[in-house]
Amino acid sequence: MNTHTESEIRKSFVNCSKGAAQRIAIPRTLLDADWESLIFLGWVDPKSPQSGYLVVETEAGLRGLALQKNPPKGRGSAQMCQLCMTLHPGSGVSLVSIQRSKSAKDRYNSMATYICSDLRCSDYTLGKKRPDGVRQMEETLSVEQRAERTLDNVRSLVERIESGSGARPR
Ligand SMILES: [Zn+2]
């Protein structure tokens, strides 16, 4: 990923209001991160752990999604992140709701998917982090191919959200 400024990040959100995008907590550590080693930006609001965010470069420009994590339902079986295909035990994966519209009134127009609870899919894809206590599927893909797959998955998620709402960035 290329480096982007905080204001570029705030402008990229396609599924929350301008005011809400201004209030998103963007940790300093994220802005200072090594962007080159990131497939997309993903983070959890440090003060509100149910809120997560992802920002990705697409052909149409930078796009961001606000996500709402559902509370974990106890210790279920391992689940797979639908972005980076990493298997996590317990609460390592969250069922997230993603609103399709910028307006909070429209919150029932949303879709749900499973995503790594810490949103560190870049690190899992590149093998920098591994969940404990679960065996991953055997894969023959190279790291580059896995990175490409994760990027494609994030971009198509953004497309599905955008096409469902007609939303365009400001
Ligand atoms: Zn993931």
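**Figure 1. Coordination of the zinc ion in the predicted model****.** The zinc ion takes its protein donors from the SG atoms of Cys 81, Cys 84, Cys 116 and Cys 121. These donor atoms lie 2.2 to 2.3 Å from the metal. The angles subtended by the four donor atoms run from 101 to 116°, which makes the arrangement tetrahedral. For reference, the ideal angle for four tetrahedral donors is 109.5 degrees. The structure holds zero disulfides.

**Figure 2. Sequence spacing and burial of the zinc donors****.** Along the chain, the donor residues follow the spacing C-x2-C-x31-C-x4-C. Distant parts of the chain are linked by the pair Cys 84 and Cys 116, which are 32 residues apart. Cys 84 belongs to the loop between strand E4 (79-80) and strand E5 (87-88), whereas Cys 116 is in strand E7 (residues 110-116). Both Cys 84 and Cys 116 are buried. Cys 116 has a relative accessibility of 2% and therefore falls under the 20% limit for a buried residue. Cys 81 is likewise buried, its relative accessible area being 0%.

**Figure 3. The five-stranded open sheet****.** The strands are arranged in the order E1-E2-E3-E6-E7, with antiparallel pairing. Strand E1 (41-44) and E7 stand at the edges; each has a single partner strand, so one side of each lacks a neighbour in the sheet. From one strand to the next, the twist averages 30°. Strands of a sheet pair through backbone hydrogen bonds.

**Figure 4. Pairing of E2 with E3, and of E3 with E6****.** Eight bridges connect E2 to strand E3 (residues 61-69) in the antiparallel sense. In this view, Tyr 53 is placed opposite Ala 66 of E3. E3 and E6 also run antiparallel and are joined by two bridges. Gln 68 faces Ser 97 of E6 as its opposite residue.

**Figure 5. Strand E6 and its pairing with E7****.** Strand E6 (residues 93-99) is mostly covered, with five of its seven residues buried. Seven bridges hold the antiparallel pairing of E6 and E7. Val 96 is found opposite Thr 113 of E7. E7 (residues 110-116) also contains Cys 116, one of the donor residues of the zinc ion.

**Figure 6. Surroundings of Ser 51 in strand E2****.** Ser 51 is part of strand E2, which covers residues 51-58. Its relative accessibility of 10% is under 20%, so Ser 51 counts as buried. When neighbours within four places in sequence are left aside, Ser 51 is in contact with Trp 43, Val 44, Asp 45, Leu 67 and Gln 68. Gln 68, one of these contacts, is also the residue that stands opposite Ser 97 in E6.

**Figure 7. Surroundings of Arg 160 in helix H5****.** Arg 160 belongs to helix H5, made up of residues 143-165. With a relative accessible area of 43%, Arg 160 is partly exposed. Residues up to four places away in sequence not being counted, Arg 160 touches Arg 100 and Met 111. Arg 160 and Arg 100 are 60 residues apart in sequence, and their C-alpha atoms are 8.6 Å apart in space.

How values were computed:
Residues numbered from 1 in each chain as written. Predicted model: local features only at pLDDT ≥ 70, side-chain atom pairs only at ≥ 80, totals over all residues. Heavy atoms only, no water. Helix = DSSP H or I, 4+ residues; strand = E, 2+ residues; numbered from the N terminus. Buried < 20%, exposed > 50% of the residue type's maximum accessible area, 1.4 Å probe, protein only. Contact = heavy atoms within 4.5 Å. Donors = N, O, S within 2.8 Å, 3.2 Å for Na, K, Ca; no water. Tetrahedral: all angles 85-135°; square planar, octahedral: opposite > 155°, others 65-115°. Pairing = 2+ DSSP bridges. Axes fitted to C-alpha atoms, helices over the stretch in contact; angles between N-to-C directions. Disulfide = S-S within 2.5 Å.
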